[in-house]
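Visitor: I am in my first year and would like to be led through one structure by questions and answers. Could you show it to me before we begin?

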Amino acid sequence: MIRDFLDGHGAVRCARQGSAAERVNDVADVRIREAIAGLPAYKAGRAAGSSFEGTAFKLSSNENPYPPLPGVLETAVAAAAQINRYPDFGSSELIAEIAKFVGVGPERVAVGTGSVGVLGQLMQATSGPGDEVVYAWRSFEAYPIITQVVGATAVPVPLKADETHDLDAMAAAITERTRLILVCNPNNPTGETIGRAELERFLDQVPSDVLVVLDEAYVEFVRDEDFPDSVQISLARSNVCVLRTFSKAYGLAGLRVGYAVADEPVAEALRACAVPFGINLIAQAAAVESLRSQDALMERVGQLVAERERVYAELRAMDLPGRLGVAVVPSQANFFWLRLGERSGAFAAACEAMGVTVRPYAPDGVRVTIGEQEANDRVLDVLRSGF
């Protein structure tokens, strides 16, 4: 009987070592959640085209065109000498540095693999099947994807005609099932912002057991004096969480570091949902050094903001509303938005022919990152041509 038992298992084992097609069929019965099977794919910004004769530029991912801040690369290389060791499990030095920078206790800070990684932790901690997540649309493309991953129901609320958040409509969309509200400020991909008083009025309408996430991936580029102090708001309101990232202004997109500032129980829940050792030791070291380089950071951000204003002056001079029927929407981020509708694909193709990759969002419009001056000028030339 023992021999028969072994032979039987051996037969099964041998069968599973058959052809690739047989192995695929062998796992066909594995049950994948329907929510995952129907998941829309996140569309990353396309790389700069290789067929263009000359320098090609990528303006499709809101990346910083500058290299890491002075001293950061050296710090990262030095940290790489220890990659045979696990990173600090609790990212304690990084959390302490973030807490010092934003002016809160370290117990109110949680970190993750980019702000989108922290957002995934927030979703896991607050929402699941039967729950609702409210957000403006169009907004950050990951919102509906992560909502569907956790099994919650997405409640997208259309932007106003001027591309701003319709906070009254978002407040009206709150139900007993609402667990999370996402407010992207400045909004990606439109670049618009929500002022202090408007945000406070909205927060006054949100039940205290509903978490409001202020996603501020582009906060360093904001020059609007009416922009709210979100960290102070989170200190006064236990149901407000602030999300920020090192990917944009700090230029660490390839290392994936983001953080949240929240009430202590929320931050604790975020840490509980984090992937163990999720932020590698190189990323931790680079982020700490970047936070200690604020003067260099603000100088670099100032250069990008100045270039953004130059581009906007050129856009306004073109009379795009009259020529193309497209409004020039002010942006407080490191990109601008053109609601080109059905012409979005044609514009993106024309830019690519000029060696510049931009980010179309069919069927709504196109987002263009503020990059090198030469790249920005090529995009402006495409718009002048009527493409």
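**A walk through the model**

Guide: In strand β6, L211, V213 and D215 point one way, while V212 and L214 point the other way, and all of these residues are buried. Buried here means under 20% relative accessible area, exposed means over 50%, and partly exposed lies in between, with a 1.4 Å probe and protein chains only. Helices (H or I, at least four residues) and strands (E, at least two) are DSSP runs, numbered from the N terminus. This is a predicted model, in which local features need pLDDT of at least 70 and side-chain atom pairs count only at pLDDT 80 or more, while totals for chains, interfaces and linings use all residues. Residues are numbered from 1 along each chain as its sequence is written, and side-chain values use heavy atoms, with hydrogens and water left out.

Visitor: Which residue of β6 stands opposite L182?

Guide: Strand β5 (residues 178–184) and β6 run parallel and are joined by 5 bridges, where two strands count as paired if DSSP finds at least two bridges between them. Between these strands the chain passes through helix α9 (residues 196–204), in a right-handed β-α-β crossover; right-handed means that, with the strands pointing away from the viewer, the path from the first strand over the helix to the second runs clockwise. Opposite L182, in β6, stands V213.

Visitor: What is the bridge partner of V212 in β7?

Guide: β6 also pairs with strand β7 (residues 240–245), in the parallel sense and over 4 bridges. Together with helix α10 (residues 230–236), β6 and β7 make a right-handed β-α-β unit. The bridge partner of V212 in β7 is V240.

Visitor: Are α6 and α11 roughly parallel or roughly perpendicular to each other?

Guide: Helix α6 (residues 114–126) and helix α11 (residues 264–273) have axes 9 Å apart and pack at an angle of about 105 degrees. Such axes are lines fitted to C-alpha atoms, for helices over the stretch in contact, and the angles run from 0 to 180 degrees between N-to-C directions. Angles under 35 degrees count as roughly parallel, over 145 as roughly antiparallel, 65 to 115 as roughly perpendicular and the rest as oblique. The two helices, α6 and α11, are therefore roughly perpendicular.

Visitor: How many nonpolar residues are in the contact of α6 with α11?

Guide: From α6, the residues V118, Q121, L122, Q124 and A125 meet V266, A269, L270 and C273 of α11, where contact means heavy atoms within 4.5 Å. Ala, Val, Leu, Ile, Met, Phe, Trp, Tyr, Cys and Pro count as nonpolar, Asp, Glu, Lys and Arg as charged, and the others, Gly among them, as polar. No charged residue takes part in this contact of α6 with α11, 2 are polar, and the nonpolar ones number 7.

Visitor: Which strands are at the edges of the sheet β9-β12-β11?

Guide: This open sheet has 3 strands in the order β9-β12-β11, with antiparallel pairing. An edge strand pairs on one side only, and this applies to β9 (335–338) and β11 (359–361).

Visitor: Which residue of β12 is the bridge partner of L338?

Guide: Both faces of β9 are covered, since F335 and W337 on one side and F336 and L338 on the other are all buried. β9 pairs with strand β12 (residues 365–369) in the antiparallel sense, over 4 bridges. The partner of L338 in β12 is V366.

Visitor: Is L252 buried or exposed?

Guide: L252 has its place in the loop between β7 and β8. Leaving aside residues up to four places away in sequence, L252 touches V72, F246, S247, A286, A287 and S290. The relative accessibility of L252 is 4%, so L252 counts as buried.

Visitor: What is the relative accessible area of E163?

Guide: E163 lies in the loop between β4 (153–158) and α8 (167–172). Although E163 is not a glycine, E163 has a positive phi of about 75 degrees. E163 is buried, and the relative accessible area is 4%.

Visitor: What is the omega of the peptide bond from N188 to P189?

Guide: P189 is found in the loop between β5 and α9. The peptide bond from N188 to P189 is cis, with omega near 25 degrees.
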